[in-house]
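Work through the exercises below with the model open. Try each task before reading its solution.

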Amino acid sequence: MKLPEIPTDPLNHGQQQSQSASLSAQKISVAYGTHLAVNGVDLDAHGGQIGAIIGANGCGKSTFLRALARLVKPQGGTVILNGHDIAKLPTKRVATQLGILPQSPIAPDGITVFDLVSRGRYPYHRFGSHWSRQDQDAVEHALEVTHMSDFADRSVDQLSGGQRQRAWIALTLAQDTDIVLLDEPTTYLDVAYQLEVLDLLADLNAIDGIIIIMVIHDINLAARYADWILAMKDGTCDTFGTPSEVITPDVIRRVFGMDVRIIQDPESKTPMIIADSRHALGPKREILEKEKL
Amino acid sequence: MNQTNDEKSVALRASFKRAVMVIVSLFILALVLLYIDIIFGDSLYSFTDVMDVIASRAPSGITFVIGELRLPRALTAFACGALFGMAGASFQRLLHNPLASPDIIGITEGANTAAVFGIVVLGISGLELSAFAIVGGLTTAIVVALLTFHHGFAPQRLVLVGIAIGAMLNAIGSWMLIRADQWDIQSASRWLTGSLADSDWTYVIITMITLAIGLIAVMPLSRQLDMLRLGDDVAAGLGVKVGLSRAAIVIIAVLMLSIATSAVGPIAFVSFLAGPIAVRLIHSGSSAIATSGLVGSCLVLGSDVIAQHATGTQFPVGVVTSVIGGPVLVVLMYFSMRKESQL
């Protein structure tokens with residue numbers, strides 16, 4: 001797989017932007033009570049790629065993402081962030097290297113977009129430290145690339161679903177990390193907004209070289225935007241590889257229990273699934289017409 | 001802040017300006033109420049009288065009324081109002097729920113019942129009593145938390161568990177009072193209504209020191225509280241030590257609440273009212289803990305002025321705050337049912 005070149009950061013606000021970031025996981029296991037949600041999953045992400053984690057509900061994909069972001073403590077295995085065991089790093093230092101946007105976060109009542117996004121600067125602050133030029137630049141940059149500058153003074157409650165999600169992404173970008181993890185960034189969004197959010201993430205990946213790893217429901221969107229896909233089943237890694245390696249009828253049948261045909265997405269030339277269903281309109285018409293005869 | 005006049009920083013500066021304006025206005029209002037509370041009474045005193053008392057050159061009659069009765073009463077009202085307000089707002093923000101104020105989720109009752117136990121059974125007072133109330137408040141907080149944490153954390157469940165625990169503790173408190181000696185009933189009964197009548201300089205000093213400690217501790221914690229309001233996961237992702245911050249906030253809040261309760265009893269609804277009022281005044285995403293403290297002070301001082309002087313008879317300050325707080329509780333419940341309120 002060819003990696004995009006990482007252009008220099010125009011504002012040079014990054015802490016260690018020039019070094020290529022990496023995030024890897026070795027044999028991660030997470031248990032909730034006696035239930036093993038994630039069981040020995042490996043991952044190696046580096047060099048400005050977009051990764052997607054797919055799988056059926058309850059397969060442990062969100063839990064695995066949370067373990068990558070040290071939001072849950074794995075029972076087994078280690079997560080290595082830029083060469084260091086994430087469990088041994090101070091949490092604020094992790095937060096300057098890795099950002100995570102959880103699924104459908106809720107903003108406090110009455111908070112403005114600017115205030116929300118500026119919270120992304122928390123890891124750079126100690127008690128008593130002042131809002132710096134660098135903070136201001138990072139927040140403005142985040143608002144600009146997410147096209148939220150015009151909404152800076154608006155209350156988050158007044159925004160549409162897509163705008164709100166962009167505001168949260170802006171918060172994660174203001175955090176100015178080389179790695180951004182997102183849990184279902186397109187859930188509850190209209191189709192147009194889903195594409196808008198994913199295009200934005202792809203832009204950020206291409207321009208700033210940010211590693212993006214997202215849990216995503218839509219297999220076709222995963223295939224379209226991701227450099228690699230991790231397909232999970234019952235807490236384990238079923239298949240890992242490029243979209244064309246992972247999006248095959250066999251894998252989809254194993255992981256989602258669904259029969260599909262694969263065609264080429266005419267827009268992006270990536271694999272695209274066409275699901276079989278008993279009541280698809282075509283066969284239904286045929287049956288109806290036969291009965292009429 | 002050495003920034004240029006960027007358009008985009010206007011948002012930040014506007015909300016900052018508003019916050020400063022609200023805090024200054026509330027502080028002036030608190031001072032005015034404090035002044036009214038001191039000069040009004042059976043005999044009306046002037047500003048020079050008050051200054052004379054402070055400079056200790058007033059006649060002994062005035063010195064007694066102002067120095068020993070009204071000044072400690074007003075200062076206790078100010079300090080306890082602030083403590084109730086800050087503690088209440090801390091809990092409400094921490095639990096993302098305006099109903100999760102300590103006087104509703106049983107923690108005030110815990111401190112209160114411990115205080116009644118201390119008076120009736122152990123016969124203690126002053127600092128010892130405050131310490132005992134703190135232990136009672138903290139124990140209740142831990143019990144409520146333990147009963148609530150069950151595969152994750154649910155603020156709604158916490159409110160229900162807290163109300164139940166609070167009711168049980170109230171029953172225990174009443175039972176102890178019924179069994180107590182005649183003399184103890186008098187001093188213990190103010191722990192049921194909340195009253196400033198027994199304020200003296202000991203409590204002024206204890207509550208003022210607590211207020212100072214609380215303010216110093218809350219300032220750094222309020223930043224973390226602001227972050228926790230984005231949700232535990234977002235806060236953790238941004239480098240907040242969620243468990244540690246939460247524990248620190250709970251301990252500080254219980255400390256402030258218990259000491260205020262040991263001084264004046266549970267003045268109804270102040271913890272509950274201060275936070276939502278402060279948020280509506282400041283109108284930004286911030287936790288407004290210090291502002292809630294000032295609102296609490298104004299509430300208690302204002303209620304005390306009403307309780308003492310508005311009608312012919314004097315009644316405990318808790319009665320006035322109940323009269324104000326009850327309807328507000330109903331209105332807040334109504335709106336939080338209509339809209340999934342986040343506070």
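**Exercise 1. Confidence in chain A**

Task: Find the average pLDDT of chain A and the stretch where pLDDT stays under 50.

Solution. The model is predicted. Chain A averages a pLDDT of 86. In that chain, 91% of the residues score at least 70. Next, look at residues 1–18 of chain A, where pLDDT stays under 50. The model has 28 contacts beyond four places in sequence for this stretch. Where pLDDT is low, the predicted coordinates should not be read in detail.

**Exercise 2. The four-stranded sheet**

Task: Give the strand order of the open sheet of four strands in chain A, then name its edges.

Solution. Start with the order: β2-β1-β4-β5 of chain A, with antiparallel pairing. Then take the edges. β2 (35–46) and β5 (84–85) of chain A each have a single partner strand, so one side of each lacks a neighbour in the sheet. Now check one pair. β1 (residues 22–32) of chain A joins β2(A) in the antiparallel sense over nine bridges. A:Ala31 stands opposite A:Leu36 in β2(A). Last, add the helix. α1 (residues 61–68) of chain A packs on this sheet and touches β1, β2 and β4 (76–81) of chain A. The direction of α1 makes about 125° with that of β1(A).

**Exercise 3. The six-stranded sheet**

Task: Describe the pairing and edges of the open sheet of six strands in chain A.

Solution. The order is β6-β7-β8-β3-β9-β10 in chain A, and the pairing is mixed. β6 (98–101) and β10 (236–241) of chain A stand at the edges; each has a single partner, so one side of each is left without a neighbour in the sheet. The twist averages 15° from one strand to the next. For a parallel pair, take β3 (residues 50–55) and β8 (residues 211–215) of chain A, joined over four bridges. Here A:Ala52 has A:Met214 as its bridge partner in β8(A). Helix α6 (residues 191–208) of chain A packs on the sheet, touching β3, β7 (179–183) and β8 of chain A. Its direction makes about 155° with that of β8(A).

**Exercise 4. A hairpin**

Task: How many residues lie between β11(A) and β12(A) in their hairpin?

Solution. First locate the strands: β11 (residues 260–264) and β12 (residues 271–275) of chain A pair in the antiparallel sense over five bridges. A:Arg261 has A:Ile274 as its bridge partner in β12(A). Six residues separate the two strands of the hairpin. In the turn, A:Lys269 has a positive phi of about 60°.

**Exercise 5. Helix packing in chain B**

Task: Classify the crossings of α3(B) with α10(B) and with α12(B).

Solution. Begin with α3 (residues 60–94) and α10 (residues 242–264) of chain B: their axes come within 9 Å and cross at roughly 150°. Angles over 145 degrees count as roughly antiparallel, so α3(B) and α10(B) belong to that class. Their crossing is left-handed. The contact residues include B:Phe84 and B:Phe91 in α3(B), and B:Ile249 and B:Leu257 in α10(B). By class, they are 16 nonpolar, three polar and one charged.

Now take α12 (residues 289–310) of chain B. The axes of α3(B) and α12(B) come within 6 Å and cross at roughly 135°. These two helices are therefore oblique to each other. The crossing is right-handed. Among the contact residues are B:Gly81 and B:Gly85 in α3(B), and B:Gly293 and B:Gly296 in α12(B). This contact has 10 nonpolar, eight polar and three charged residues.

Note on methods: Residues numbered from 1 in each chain as written. Chains lettered and ligands numbered in written order. Predicted model: local features only at pLDDT ≥ 70, side-chain atom pairs only at ≥ 80, totals over all residues. Heavy atoms only, no water. Axes fitted to C-alpha atoms, helices over the stretch in contact; angles between N-to-C directions. Parallel < 35°, antiparallel > 145°, perpendicular 65-115°, else oblique. Left-handed = near helix turned anticlockwise from the far one by under 90°. Contact = heavy atoms within 4.5 Å. Nonpolar A, V, L, I, M, F, W, Y, C, P; charged D, E, K, R; others polar. Pairing = 2+ DSSP bridges. pLDDT = per-residue confidence, 0-100.
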